[in-house]
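The following note is offered to a colleague who is meeting this structure for the first time. Please read the points with the sequence and the structure in view.

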Amino acid sequence: MTALAIETAAEGGAVRSTGFAITANGAYAARLVRDKGGSAAWFPERWTLDGPEPYAVPLPGNQPEEPDTGVLPMADGRVLIHRRIGDRHSFALLYPTGPATGELPLGAVDAGAEALTLLPPSPDGSCAYALAVGPDSTALWLVAGGAFGPELVATVGGRCSGGVWLDRTGRMLALDRELGGRTKTVAVDLERGGEVSELLQITEDSDDRLLLADPDSGLLLIRSNAPGHDRLGWGVLGSALPVRFPECLRLADAALTPFAVQPGQVLMPESCAVALRIDAAGGTWVGVWRPAGRHLHQLAAPQGWLAGAGVWTSQGVLRLPYATDTNPCAVLDVPAPPDPPPAAATPSAGPVRPAAAKPVPLGQAPLTGRRPPSGDR
C-alpha cells in the first residue's frame, strides 16, 4: 500500500534517494542510491522487509546508472530497472548472484519524445506497468510479466498521471486523466482490452484525483478542488454518499499527502488508519488519521526517513523505512495511536460537503468480489 517516494534530502546523515517503492505485500522494496565512496555512482538497492531484520543488497551493474533511472521491486525479490537511452526506454530484471548482479533483459519501448514513467507495484507482484504520456493520449505498457517483452495494453485518450490499483489481482487500474481542461479519475480494465470507464466525478467543473485506494475496505483518498480549492477528502467504493472533506486534514501552513492505508479492514472503511506525509517550512513529519476519528495525529518521523514511503500491517502498525550513515537499512514500527474521545459537536468539526456534490460513481467500474458497505454514514 505505498507508491513511489519522492526525492529526499541528505540531511542529518540521511542517504539521498530518488525513489523508494515497496511491493504490495510489503516483503521487498527498491531504490536508487549513490555510492558514498570516491566514484559517487548511482546503483539500485533491494531491501528485504519480511524477515527478522531488514537488510539491503546492492545491485550494481557493469556501469553506473543515471540519476533518473527507475527501479521497482517484484514479489520474487528481483528488481525491475528502467533506463532511458535517447528516446528508447529499456527494461531488465536484476537479481543478486553471489558477489555480482545478474541481469535479465526484457526489451525496450521506443516512446519518442514522450515521457515514460513506472507505475506503483502491481498487487500481483509479477507484472509491472509504465505510462507514456503524449500530447493527446497516454499509452499504458506492460513492461514486465508479458510473454514477449514490453506490450502495449491500452491507449487512453487525454494526458494521464497517478496510478492507483483498485483490486488485489492487478486487473483494475485508476488513472487521473486530464481532458478538456479538467482532470477526472478513470478506471482501466486490463482484462477487457484496456476498457475505460468513469470512476470519480464530484462536480462537473472540479478537478478530482484519486490518491490511494484500499481494496479490502473500499476506502478512497481523494484530492479535489470541489470545495473551492484543493482539499483532501475521502469516499467509499460503491457508496452513494458524497465525498467528505474533514477539517482536520486542512492545515494552514503544511501540505498533506497520504501514502499508505491499513489493509485487512474488510467493509470497515471508517476504521482504516491512513498515514500521511506532512511537509511544512519546518520540515517533514508523519500524520495518522482515521475517518471515524476525525483527528489528525502528528508524529515525528525517524531520522533519515525515506519521506513518503511506508506500509501498514493489518494489525495497525505503520512501518517507516529510514537510512542513515550509521544505520543504512532500517524500519521503524509505529503502532497507530488511539483516537481521543469524541468531543461535543461543533459547526467547524464536521466534514465539508460542496453543495453541488454528486456521489462518486464508483459502482460503474467493473469491479467484482466486494459488496458496497452497508454501514457507511
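**Notes on the structure**

1. F20 and W47 are both buried residues. The model in which they appear is a predicted one. The centres of their two rings lie 5.1 Å apart with the planes at 80 degrees, and because an angle over 60 degrees counts as edge-to-face, the F20 and W47 pair is assigned to that class. This pair connects distant parts of the chain: F20 belongs to strand 1 (residues 17-22) and W47 to strand 3 (residues 42-48), with their positions 27 residues apart.

2. A further ring pair is formed by F259 and W305, whose ring centres are 5.6 Å apart. Their planes stand at 50 degrees, so this pair is described as tilted. It also links distant parts of the chain, 46 residues apart. F259 is in strand 20 (residues 254-261), whereas W305 is in the loop between strand 23 (296-299) and strand 24 (311-312).

3. Are F259 and W305 buried or exposed? The relative accessible area of F259 is 4%, and F259 is therefore buried, given that the limit for this class is under 20%. W305, at 7% relative accessibility, falls below that limit too and so counts as buried.

4. The count of aromatic pairs comes to 3. The pairs F20 with W47 and F259 with W305 are among them.

5. A charged group also meets an aromatic ring in this model. The charged end of R244 sits over the ring of W234, at 4.2 Å from the centre of that ring.

6. S197 deserves a separate remark. This residue lies in strand 16 (residues 195-200). Its relative accessible area is 16%, and because buried means under 20%, S197 is placed in the buried class. The C-alpha atom of S197 is 5.7 Å from that of V186, although the two residues are 11 positions apart along the chain.

7. The chain as a whole may now be considered. How many helices and strands does the chain have? It has 0 helices and 26 strands. Of its 377 residues, 52% are buried.

8. Contacts and surface complete the note. Among contacts in the chain with a separation of 6 or more, 45% are between residues 24 or more positions apart. The chain exposes about 16,300 Å², of which carbon and sulfur atoms supply 52%.

Terms used: Residues numbered from 1 in each chain as written. Predicted model: local features only at pLDDT ≥ 70, side-chain atom pairs only at ≥ 80, totals over all residues. Heavy atoms only, no water. Helix = DSSP H or I, 4+ residues; strand = E, 2+ residues; numbered from the N terminus. Buried < 20%, exposed > 50% of the residue type's maximum accessible area, 1.4 Å probe, protein only. Contact = heavy atoms within 4.5 Å. Areas by Shrake-Rupley, 256 points an atom, 1.4 Å probe, with all protein chains shown as cover. Phe/Tyr/Trp six-rings, centres within 6.5 Å; stacked < 30°, edge-to-face > 60°. Lys NZ or Arg CZ within 6 Å of the ring centre and 35° of its normal.
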